[in-house]
Amino acid sequence: MASSLEATTLGDAAFVIRPLPEVVFRAGAIAETPARVRQLDGRRVLVVTDPGVAAAGLSDRLTELINADGLDVSVFDGVEPNPTLANVTSGSEAAGGSDGLVIVALGGGSSMDCAKAIAMDLVNEGPIRGYCIAASLGETGTIDPATAAPQHQPTSAVPLIAIPTTSGTASETNGSGVLTDESENRKIFISNPLVRPAVSLLDAELTLGLPPYPTATCGMDALTHATEAFTSNRVTPYSDAIALQAIRLVGQWLPTAVNDGANLEARAQLLLGSHLAGVAFGIAGLGMCHALGHPLSAVLHQAHGQTLTTMLPHVMGFNMPERTSRYAAVAEALGAADASDDEATNARAAIGAVEAMAERVGIARSISEMGGSSDHLPELVHQAMSDVTMLANPRPASSDDVRALYLAAF
Ligand SMILES: NC(=O)c1ccc[n+]([C@@H]2O[C@H](COP(=O)([O-])OP(=O)(O)OC[C@H]3O[C@@H](n4cnc5c(N)ncnc54)[C@H](O)[C@@H]3O)[C@@H](O)[C@H]2O)c1
Ligand SMILES: [Fe+2]
């Protein structure tokens, strides 16, 4: 393959890598929880999780470990998929104050994000909505930068330990959280280093029971994170290396994890791939696949990874003129490139590889198949245009562009 992936000139490059949470990657890492709580000077624990994770027996396993260590523990298992502001309030009420408290987030992105918001809510004045980012559009029809920040900044947060049980969002790597404002049916964000987990325990054994559909949607979320981080307008050579390895791992192991869920090797490789993708997008940002996916989750109540899977090939096609050489490298990482083909052909092969992966893991769906109709279009376009992940997309998009991409995905 003739690769013109630009030989990065480092002379005037500038990037800052912020400290990452301490990460423990090993089967059985959950057993470290009590010791980690004590390290954070915790005397009591609030486990934040959801009904599915609880039904899988994972929160019982965790509370037994914490009880056996003599720490006081309570469980809030009321997190909904695409967690709402009301979930945050209920979780804060369940905490019984912040004194001596450590929050342990056990679950997928929904539980981890909700836990971050609870950690913020417990020790800052006023409703959590005031600490959220909900950008609005300026006169030009694009995001008004003045609205891309929260009304209030938090001054502290309850310490947090993250234990992911899906391999997808990589919420354990960052201080960001996605919430749903149920009054507007819209996704809004928190983002602050104060709620970045102090420790992340990556224990692939906890993901063995994740059913095929969420395994597939979460894996495609991870693939989208890595692809968007590798092609955003904020790429760095540092995040490039991490993103490419994440693409390789997810590409190689996702089908096995979906088809043979008990395969610990596949589960571990996927968990690591998801985590690395999160590290990469924490540095380089995401892009408009997330901006177009979030409204589909909010309006049509679909799994995050499902909406991304539907939109990713279309968004890659749109960004293609700006990122041809990088998509060719994505194809190579997915094993879909042919050395005898030119760069443009290989770049298009990356789109084909993403579509083939969606088919292979059984989640190739159109927006119509998710229950969307043309009635939803104006709301979807408006929400996508005001989603802050739009800001890192490599090619600026107008509302007409966004409408066309949605229509193509119908
Ligand atoms: N903070 C971030 O950086 C970030 C990044 C991407 C997405 N998100 C957000 O994360 C949310 C989605 O998270 P998700 O995709 O991990 O899904 P999720 O947390 O909603 O979980 C999906 C389903 O899987 C079940 N489940 C989880 N682990 C299980 C296990 N081990 N065994 C059996 N069942 C299990 C849950 O009960 C739930 O029903 C969305 O709100 C999305 O916007 C956040
Ligand atoms: Fe995501």
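**Group meeting: a two-domain chain and its ligand**

Good morning. I begin with strand β4: seven of its seven residues are buried, so β4 is largely enclosed by the rest of the structure. I should say at once that this is a predicted model, and that what follows describes that model.

What lies on either side of β4? Let me take strand β2 to begin with. Strand β2, residues 44-48, runs parallel to β4, residues 101-107, and five bridges join the two. Within this pairing, Leu 46 is placed opposite Ile 103 of β4, and Val 48 faces Ala 105, also in β4. Turning to β5, this strand and β4 pair in the parallel sense, again over five bridges. Here Leu 106 stands opposite Ile 163 of β5.

These strands belong to an open sheet of six, in the order β1-β8-β5-β4-β2-β3, with parallel pairing. Which strands stand at the edges of the sheet? They are β1, residues 22-25, and β3, residues 72-76; each has a single partner strand, so one side of each is left without a neighbour in the sheet. From one strand to the next, the twist averages 20°.

Helices pack against this sheet. Helix α3, residues 58-68, touches β2, β3 and β4, and its direction makes about 165° with that of β3. Helix α5 lies across β2, β4 and β5, the last of these being residues 160-164, and runs at about 160° to β4. I shall return to α5 when I come to the ligand.

One residue of helix α1 deserves a moment. Thr 33 is found in α1, which covers residues 33-39. Is Thr 33 buried or exposed? It has 26 C-beta neighbours inside 10 Å, and Thr 33 therefore counts as buried, the threshold for that class being 20 or more. Leaving aside neighbours within four places in sequence, Thr 33 is in contact with Leu 62, Leu 65, Ile 66, Val 104, Ile 161 and Leu 201. By contrast with those contacts, the C-alpha atoms of Thr 33 and Asp 121 are separated by 23 Å, the two residues being 88 apart along the chain.

Let me now step back to the whole chain. The protein chain is divided into domain 1, residues 22-207, and domain 2, residues 212-409. Their C-alpha centres lie 24 Å apart. How many residues does each domain give to the contact? Domain 1 contributes 31 and domain 2 contributes 33. On the side of domain 1 that touches domain 2, the largest share, three residues, comes from strand β7, residues 186-191. That side of domain 1 divides into twelve nonpolar, 15 polar and four charged residues.

Strand β7 appears again when we look at helix α12. In α12, residues 377-385, the buried residues are Leu 380, Val 381, Gln 383, Ala 384 and Met 385. What covers them includes β7, together with α9, residues 288-300, and α13, residues 399-409.

Next, the ligand. Where does ligand 1 lie with respect to the two domains? Both domain 1 and domain 2 give residues to the shell around ligand 1, so the ligand lies between them. Of the 30 residues around ligand 1, those that come nearest are Gly 52, Gly 108, Gly 109, Ser 110 and Val 178. The elements giving two or more residues to this shell are α2 (51-55), α5 (109-121), β6 (176-181), α6 (212-231) and α10 (304-333). Helix α5, which I mentioned as lying across the sheet strands β2, β4 and β5, provides the largest share of the shell, four residues. By character, the shell consists of eight nonpolar, 19 polar and three charged residues.

Finally, a word on backbone geometry. Most residues other than glycine have a negative phi. Two residues here are worth checking on the display. Asn 185, in the loop between β6 and β7, has a positive phi of about 55° although it is not a glycine. With 13 C-beta neighbours inside 10 Å, Asn 185 counts as partly exposed. His 301 sits in the loop between α9 and α10, and its phi is near 55°, likewise a positive value in a residue other than glycine. His 301 is also partly exposed, with 14 other C-beta atoms within 10 Å.

To close, I return to two points: β4 is largely enclosed by the rest of the structure, and ligand 1 lies between domain 1 and domain 2. Thank you.

Key:
Residues numbered from 1 in each chain as written. Chains lettered and ligands numbered in written order. Predicted model: local features only at pLDDT ≥ 70, side-chain atom pairs only at ≥ 80, totals over all residues. Near = placed C-beta within 6 Å. Nonpolar A, V, L, I, M, F, W, Y, C, P; charged D, E, K, R; others polar. Domains from an automatic or database assignment. Pairing = 2+ DSSP bridges. Axes fitted to C-alpha atoms, helices over the stretch in contact; angles between N-to-C directions. Contact = placed C-beta atoms within 7 Å. Buried ≥ 20, exposed ≤ 12 C-beta atoms within 10 Å, placed from the backbone.
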